[in-house]
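Take a moment with the sequence and the model. This report goes from surface to core and then along the strands.

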Amino acid sequence: MLITPHYSLFIIHYSRDRRGQAVLSFVFLIGTIILSISLTVALLAYSFLSSGYGFQASNKAMTLASAGAEDALMKLARNKDFSATSPYSVPVGSDSAVVTVAQNSPVSGQAKIISKATVVFHQRKIQVVVSVDSATGQISLVSWQLLTL
């Protein structure tokens, strides 16, 4: 008779261990799910923030390149023979655009301006072609385009 109660206590004790193992497994499962969801949300937030920052940097590079082209147009308006075959820098705030001006390019009587700006690995390059009247010095815009890099 002593063996049977001992055996039944063993079964009860054994089933308590199983319930503890089940609860522990359930806690690990819930923890893993919460961790996975948290990591996913963190990665999505980082992705949205970095894409927004990239968009701003790209727009800033475009604005800088436009400012460089505008500077070259001003120099051409003041001096119809202005040429800068070696690039010059146009500082705007803490950044700058690099500009070249070639006379008689692509054809005689025209000037080609190339302005390039880089902001945090985002680079924009603008090409402006203007017609320059040799008698009056009047400049007329022929084309303004964003070049692919």
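A residue counts as buried under 20% relative accessible area, as exposed over 50%, and as partly exposed in between. L29, with a relative accessible area of 48%, is therefore partly exposed. This is a predicted model, and the values below are computed from it.

**Overall layout**

The protein has one helix and five strands. From the N terminus on, the order is α-β-β-β-β-β. Of the 149 residues in the protein, 21% are buried. The protein exposes about 10,500 Å². Carbon and sulfur atoms supply 65% of that area. Take the contacts between residues at least 6 apart in sequence: 35% of them join residues at least 24 apart.

**The helix and its surface**

L29 sits in helix α1. L29 also belongs to a nonpolar surface patch of about 650 Å². The other members of the patch are F26, I30, I33, I34, I37 and V41.

Q56 is in helix α1 too. Is Q56 buried or exposed? Its relative accessibility is 53%, so Q56 counts as exposed. Q56 and V119 are 63 residues apart along the chain. Their C-alpha atoms are separated by 9.4 Å.

Strand β3 offers another glutamine, Q110. Q110 has a relative accessible area of 16%, so Q110 is buried. Leaving aside neighbours within four places in sequence, Q110 is in contact with A102, Q103, N104, S105, V129, V130, S131, V132 and V142.

The table lists these three residues by accessibility.

| Residue | Element | Relative accessible area | Class |
|---|---|---|---|
| L29 | helix α1 | 48% | partly exposed |
| Q56 | helix α1 | 53% | exposed |
| Q110 | strand β3 | 16% | buried |

**The nonpolar core**

In soluble globular proteins, nonpolar side chains tend to be buried together. Here, the largest nonpolar core has 23 residues. Those with the most contacts inside this core are L76, Y88, V99, V101, I113, V128 and V130. Which elements each supply at least two residues of this core? They are α1 (3-78), β1 (84-92), β2 (95-103), β3 (110-119) and β4 (122-132). α1 gives the most to the core, with eight residues.

V99 shows what such a core residue touches. Neighbours within four places in sequence are left aside. V99 is then in contact with G68, A72, S86, P87, Y88, V90, I113, I114 and S115. Among these, Y88 and I113 are also in the list of residues with the most contacts inside the core.

**Strand pairing**

β3 and β4 pair in the antiparallel sense over 10 bridges. K116 has its bridge partner, K125, in β4. The two strands form a hairpin with two residues between them. In that turn, V120 has a positive phi of about 45°.

β4 also pairs with β5, which covers residues 139-147. This pairing is antiparallel as well and runs over eight bridges. What is the bridge partner of V128 in β5? The partner is W144. V128 is also one of the residues with the most contacts inside the largest nonpolar core.

β4 and β5 form a hairpin too, with six residues between the strands. In this hairpin, G137 takes a positive phi near 80°.

Terms used. Residues are numbered from 1 along each chain as its sequence is written. This is a predicted model: local features need pLDDT of at least 70, side-chain atom pairs count only at pLDDT 80 or more; totals for chains, interfaces and linings use all residues. Side-chain values use heavy atoms; hydrogens and water are left out. A nonpolar core is a set of buried Ala, Val, Leu, Ile, Met, Phe, Trp, Tyr and Cys residues joined through side-chain atoms within 4.5 Å. Buried means under 20% relative accessible area, exposed over 50%, partly exposed in between (1.4 Å probe, protein chains only). Helices (H or I, at least four residues) and strands (E, at least two) are DSSP runs, numbered from the N terminus. Contact means heavy atoms within 4.5 Å. Patches are made of residues with over 30% relative accessible area and no salt bridge: like charges are joined within 9 Å, nonpolar side chains (Val, Leu, Ile, Met, Phe, Trp, Tyr) within 5 Å. Accessible areas come from the Shrake-Rupley method with a 1.4 Å probe; for residues, only the protein chains shown count as cover. A salt bridge is a side-chain nitrogen of Lys or Arg within 4 Å of a carboxyl oxygen of Asp or Glu. Two strands pair if DSSP finds at least two bridges between them.
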